[in-house]
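Q: Please take me through this structure, and for each term that is used, tell me why it applies.

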Amino acid sequence: MPLRKISAGQLMLLLFLSRIMHTMIFRAESFASGTPLMLGLLVSTAVEALLAIPLVIYFSKGGADPASELFPSRPRLLKIFYSVYFLVIAGTTVALFTGFLQSEFSNVVSPIFSVLLIFAASAYCASNGVEGLGRAGTVVFWLFAGLFVFMASVNEGGFDLLNIRPMTENDLSPFFEYLADGISSAWWLPMFCALGENLRSGAAKAAYGYLVLKLAVLEALLFLVTIILWRYVDVLGYPIFALGAYAKTDFIQRFDAINMLVWAINCVIVVGTYVFICTKPSKKPKAGSYAAAALGAGIAFISYKSGLRFNDGVFLIFKAAGVILLGTAVPAAALIKLGLKRRAEK
Amino acid sequence: MSPRLEASVAGIKSLFGGSSDLNTVRLEVSGVKCGIMTLEGMVKSSDLSKMLFEPLMGFEKKNAEPRDVFKFISEQAAFSTEEAVINLFSEAAEKLCSGFAIVLVHGCPRGLAVSAQGFASRSVSEPDGEPDIKGTREALSDNLRASMALIRRRVKSPKLRFELLKAGKTSSTEICLVYIEGKTPEALRKRAKKGVEAIRSDLVLTSGSVIPYLSERGGSLFSGVSTTERPDVVAAKVNEGRIAVLIDGVPFAAVCPSLFAESFQAVDDYADKPYYATYLRLIRYFAFFVSSLLPGLYVACAVHHPEVLSRSLLLNLLASEERTPYPVTAEMMIVIVMFEILREAGIRLPRAIGGAVSIVGGLVIGDAAVTSGLISAPLLIIIGITATSAFAVPALTPQMTVLRIANVLAGAAFGFFGIAVIGASALVSACVTDSFSVPYTAPLTPFTLRAMSDVFLKFSERNRKPMTVESLNGASKNGGD
């Protein structure tokens, strides 16, 4: 069966949806100030741009799959590492989304059902291949954009530009915290690496397009959160979600549930992409996607019960290690090997 | 075939097992025994008489040999548009089933099949399933040749091709691929032909016997193959490089590849002003989402998310729901099932009675249910809007029905979260549906700007670019986003 491929734009939007999912379920427990956060995001994006150089060059130079490049006889070995990494990311994402549902819509769905439903739908999506996920991702992106524009146009919230404050010495600690969190949350790098073989062309366009889009949208959201909510975020919990509370029309009183509807669609698509990556070492992708989803559900339950968070110490190290090793070191090694191979061929 | 007339007749008769509709006429032509075999009702007697019997009776030759008679029949006597020499009993049986007359001459080890089809068939009628205001009033016919002629009349080009194939182990049904040479990619034609040749069914009686063999992935909610009974639609589609598949005995053509966006197009769009056509098209898109989502959203709001609705609306709904004995989900399911029953009854019953069913169902039962307090009035209004919306997009009726019920159940159990999970799965299901490598969701995703002049907006004919297979195929392969 020929390898199904997606365009650079579709990959860019899948990476963006994955990142925006992370931002949505980010629960602010101590919101110091918007400025270090915005600056942290800017600097972490610049670092990500540097970390992305090996993989962009590798795929731009015609490299197809770093795992096959490094271990031509046993590419599955390395792919298993990617699978495990994204299994944990998928499980934790669903656990955090379940936490969000329990926090904001406690009587709607029980944790067990939310985990099972998301993974069942994600397994179905992943079993149909990356093409469907890529195309659906585009639709979800525009759905988000439409919802955002609509909610902004009916927003009744006031704002105060004085909430934007210059950096002080006290902001250095949160700045470095946000920076570390931002870099460790750059699992788009290993994601790109794993999906690279499904990319038709335009690696640089996908990678740097994603960074520009992410920076623009997240900075805009952080700016809005800062000028509208500021320290109330500590009380409100999910800052991006709380922004929607100010939108209101005569017909729709509150946008919370509508917001959640779009977030849940996004969650299925994003987790579906993670599950798809997990099926890469499997010889039977359809069965593999359901097996991966079952494992992911198990991890999600454990994460949910243990109250694991993206920025908890151990998990922070796990995420960062994945970013550095699977997202930068592996493509860098593959690039060197590709270069040596090309030189030998000449 | 045997040189002996009686042996040949007996051979063919044995193939048909003495079927009583097999007729044999024996006659002598210049002293040589001949037989003409036909199937009752498959040939036109008057045509056969003029084409064959009259010239045969005029043939006189002293000491005529059987081969002289056969030569005369095959070269001078039979005034038919289609003739074929038959050497095998099986060939003779096949031709008889297709409405040919088989002429056998004693002493000749072969026969002659003469086309004299004259079976009764329905005349060309109006396209009742796809009515419109300004389009043609002719629909495809059960008769394959008549359907081919209807298409040919609209595409008067020698490049229009009809490729006849046979499918169905028992029925041996004629299937015709319709395409325009140079517009339809060769690979598409070959794959369609391969698909038809792969049909394993015994009988091919509906387009449903062919469509699965033209689709690439089974089990999807949506289909990359559509059906139409309009010859003008077939003509327009083949002009865009699609392939239409006509089936003998079926007044519908299967068209592939077919797109999601095409479900919202109507023939009248191309006759109306572009701004009005655009407006109608947007209404149809809206109707699709209303029909699929509205009952589910209503139930989800009533059960889990009352905070979404404004206070006055919420109080109205609460007041209505309080008077009914059933939970809102049960109420909704009862009304949906009732609506489906009424719709089925309306379709299956004769047209005169079908109208009465909708009056009894819609007005009498509906009014009585609300008055007696069994069903709330807002819920009935919701179903009324949903049902009316569904009629605006008939091409997607199965999908809307399934999504509607799934959304009601998911909305009742898990609120908007359940609807989101169903929505995401349906979205991916639509996005993975391909037909001959053309994505079903094109040109929306993957996005193709040059094909967008006929999707949401309908550009004027001067600026409209047809959604050709090549442009859509290119989008999926070369960077459509």
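A: A definition comes before the first helix pair: two residues are in contact if their C-beta atoms, placed from the backbone, lie within 7 Å. The model discussed here is a predicted one.

Q: Which residues meet between helix H3 and helix H15 of chain A?
A: On the side of H3(A) they are Pro54(A), Leu55(A), Ile57(A) and Tyr58(A), and they meet Gly327(A), Thr328(A), Pro331(A), Ala332(A), Ala334(A), Leu335(A) and Leu338(A) in H15(A). Sorted by class, this contact holds nine nonpolar, two polar and no charged residues.

Q: What makes Gly327(A) count as polar here, when the contact of H3(A) with H15(A) is sorted by class?
A: Gly is placed among the polar residues by the definition, whereas Pro, Leu, Ile, Tyr and Ala count as nonpolar; Gly327(A) is one of the residues of H15(A) in this contact, and therefore Gly327(A) counts as polar.

Q: Why is H3(A) called oblique to H15(A)?
A: Helix H3 (residues 53-60) and helix H15 (residues 313-345) of chain A pack at an angle of about 40°, with their axes 8 Å apart. Angles under 35 degrees count as roughly parallel and those of 65 to 115 as roughly perpendicular, so the angle of about 40° makes H3(A) oblique to H15(A). As for its hand, the crossing of these two helices is left-handed.

Q: What angle and which hand describe the packing of helix H5 of chain A with H15(A)?
A: Helix H5 (residues 75-104) of chain A packs with H15(A) at an angle of about 145°, and their axes are 11 Å apart; the crossing is left-handed. Leu78(A), Phe81(A), Tyr82(A), Tyr85(A) and Val88(A) in H5(A) meet Phe318(A), Gly322(A), Leu326(A) and Val330(A) in H15(A). The classes in this contact are eight nonpolar, one polar and no charged residues.

Q: How many residues of chain B are in contact with chain A, and which helix gives the largest share?
A: Contact is made by 28 residues of chain B with 37 residues of chain A. Helix H14 (residues 397-432) of chain B supplies the largest share of the chain B side, with 14 residues. That side divides into 15 nonpolar, 10 polar and three charged residues.

Q: Which domains does the assignment give for chain B?
A: The assignment lists domain 1 (5-115), domain 2 (144-258), domain 3 (272-432) and domain 4 (438-477). Between domain 1 and domain 2 of chain B, the C-alpha centres lie 33 Å apart.

Q: What makes E1 and E3 of chain B edge strands?
A: They belong to an open sheet of five strands, in the order E1-E2-E4-E5-E3 (chain B), with antiparallel pairing. Strand E1 (22-29) and strand E3 (83-86) each pair on one side only, and they are the edge strands. Neighbouring strands of this sheet are turned by 25° against each other on average, direction ignored.

Q: How do you know that E2 and E4 of chain B pair?
A: Two strands pair if at least two bridges are found between them, and strand E2 (residues 32-39) and strand E4 (residues 100-105) of chain B are joined by four bridges, so they pair; they run antiparallel. Within this pair, Met37(B) stands opposite Ile102(B) in E4(B). Helix H1 (residues 5-16) of chain B packs on the sheet, touching E1, E2, E4 and strand E5 (111-115), and its direction makes about 15° with that of E2(B).

Q: Which strands are the edges of the sheet with the order E6-E7-E9-E10-E8 in chain B?
A: This open sheet of five strands has antiparallel pairing, and its edge strands are strand E6 (160-167) and strand E8 (226-228) of chain B. Strand E7 (residues 173-180) and strand E9 (residues 243-247) of chain B pair in the antiparallel sense over four bridges, and Leu177(B) stands opposite Val245(B) in E9(B).

Q: What makes Ser30(B) and the bond before Pro443(B) worth pointing out?
A: Most residues other than glycine have a negative phi, and most peptide bonds are trans. Ser30(B), in the loop between E1 and E2 of chain B, has a positive phi near 50°. A cis peptide bond, with omega about 0°, joins Ala442(B) and Pro443(B), and another joins Thr445(B) and Pro446(B).

Technical notes. Residues are numbered from 1 along each chain as its sequence is written. Chains are lettered from A and ligands numbered from 1 in the order in which they are written. This is a predicted model: local features need pLDDT of at least 70, side-chain atom pairs count only at pLDDT 80 or more; totals for chains, interfaces and linings use all residues. Domain bounds come from an automatic or database domain assignment. Axes are lines fitted to C-alpha atoms, for helices over the stretch in contact, and angles run from 0 to 180 degrees between N-to-C directions. Angles under 35 degrees count as roughly parallel, over 145 as roughly antiparallel, 65 to 115 as roughly perpendicular and the rest as oblique. A crossing is left-handed if the near helix is turned anticlockwise from the far one by less than a right angle, and right-handed if clockwise.
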